[in-house]
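Hi,

Here is the structure I promised to pass on. Have a look at it first, and then read my notes below.

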Amino acid sequence: MLSLDFLALPLMAAAALIFVAVFAGIISSRVGFPFLLVFLIVGMLSGEDGIGGISFDNFALSFWVGNIALAVILVDGGLRTDFATFRTGLKPSLILATLGVLLSAGLTGLAAMWLLGLSWPMAMLLGAIVGSTDAAAVFSLLKSCGVRLNERVAATLEIESGMNDPMAVYLTLTFISIALIYNAGEALTFNGWTTLLSLTTQFGIGGLIGYLAGIAMASAVNRIRGMLDSGAGILALLLMSAGIGVFAFATWVGGSGFLAIYLFGLMVGNRARRSVRQALSAMDGFAWLSQALMFLLLGLLVSPSEVADELLPALGIALLLILVARPLAVSLCLLPFHFTRRETFFIAWVGLRGAVPVVLAIFPMMVDLEGAKTLFNVAFVVVLTSLLLQGGSLAWVARRLGLVLPEKDDRKNFRRVFGDFVLDGRIPLGEICQFYDLPEPPDADQNLGSWIAGQLRRPPIIGDKVTIGTAIFVVRQLDNREITVVGMKLPS
């Protein structure tokens, strides 16, 4: 008689793992413990060194699952990103997603040479692996932390995390090639123009494919909208499968699949907004399932007994990345955009490392690069430290820095942030200064909204503040880029 134990037992184990992880995550998130970290820990505890005793070392399967899961998470993030957020977040995000990743990777690589004694190609490879923020972690924690960030900070973080994976993948593959040549004792050659052309080609092909596929998919969805009125789940499945297809095709033709799928989701989400809105809840379920599977598998891959050998230097690298490399890279990249010091600090603090570094750490394992296991173990410690330290404190830090905007029905906090007085942004500033006995600035002939925008030297957002004498003016409402309503706080 045919036995189905080979199907039932692994399926039962997988279902039990996901159930336990989700149930524990729901409970832990109530006390501020990062949801994704629970999946990772449950995977570790279920592994060969944990109470589950499951022996799992299938890096190829984990690589497949990790890439598909990241594709689903990125298309979900793109579908939820509004074009309006690009008004304030695109330029700084692009700098952070390119130069910021490069600086973080380089500084972390130097730390790895010092703390782990790695050769420079291996150290820079480690820096590339952990150099980018993780879309899965950022999207998840920003949605679940229970705080409403101001538009400039939220947009910058979301767009950066959605667009910085291509640079990290490119750097990882480049340094794997360099490390293989270096370990073989062959002469290294470097052509800056070839490297720049290769990077530009990957970004260009991936971006073009994602953009065109997104427009085509949005048009198709709008045409069949009448057939999908009661089929949110079907539409979500359609979007997910199309997105994964775009990811695979862009990768196959030499482009960046990660950039392609994010732009695909962005274009569909904005050009077919009414149709897509009904599918977002189902897409959220797909994204959570992807994250659960990805983090559970990555936790199963890790053997704590092996990690213990590199634990102290790995913690040192994690802390240097979190406290030195990331803040320095963010400060330099955001300098031209006139972010406040509090906003810059918070963006640096939310440089979350999640599944992407661990998935990238599988790349060297798959080419049998000498020392690849060390890189994998260190990347895992960096991820664990980041989720625990940064992810666990995200909401608290945002509140301490005063970056949280209150909901309109929270009257007490709304008045605390925006003040008790409401002013029309079109009133001449001079009249306001005379009425409230405030010192007139040299350009007091402008209206209040225009003057505030000029003082900010950046696109205004709700919550921006400017001071005249003892009065604090706070942007309350915008019409496109024009400040139409201003709150005012006076000393009691």
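**What I found**

Let me start with the nonpolar cores, keeping in mind that this is a predicted model. The largest nonpolar core is made up of 133 residues, and Leu149, Leu239, Phe346 and Phe376 are the ones with the most contacts inside it. A second core of 18 residues lies apart from it, and includes Leu438, Val475, Ile483 and Val486.

Phe346 deserves a click in your viewer. Leaving out residues up to four places away in sequence, Phe346 touches Leu149, Val153 and Leu157, and also Leu394, Val397, Ala398, Leu401 and Leu403.

Next, a pair of helices. The axes of α13 (residues 280-301) and α17 (residues 355-366) come within 11 Å and cross at roughly 55°, which makes α13 oblique to α17. Their crossing is left-handed. On the α13 side, Met294, Phe295, Leu298 and Leu301 take part, and they meet Ala355, Val358 and Ile362 of α17. By type, the residues of this contact are 7 nonpolar, no polar and no charged.

Finally, a glycine in a loop. Gly463 sits between α22 (448-456) and β2 (465-468). What is Gly463 in contact with, leaving aside its neighbours within four places in sequence? The answer is Leu405, Phe418, Val474 and Val475, and Val475 is also one of the residues of the 18-residue core. Between Gly463 and Phe247 there are 37 Å in space, C-alpha to C-alpha, and the two are 216 residues apart in sequence.

Happy browsing, and best wishes!

Key
Residues numbered from 1 in each chain as written. Predicted model: local features only at pLDDT ≥ 70, side-chain atom pairs only at ≥ 80, totals over all residues. Heavy atoms only, no water. Core = buried A, V, L, I, M, F, W, Y, C linked by side-chain atoms within 4.5 Å. Buried < 20%, exposed > 50% of the residue type's maximum accessible area, 1.4 Å probe, protein only. Contact = heavy atoms within 4.5 Å. Axes fitted to C-alpha atoms, helices over the stretch in contact; angles between N-to-C directions. Helix = DSSP H or I, 4+ residues; strand = E, 2+ residues; numbered from the N terminus. Parallel < 35°, antiparallel > 145°, perpendicular 65-115°, else oblique. Left-handed = near helix turned anticlockwise from the far one by under 90°. Nonpolar A, V, L, I, M, F, W, Y, C, P; charged D, E, K, R; others polar.
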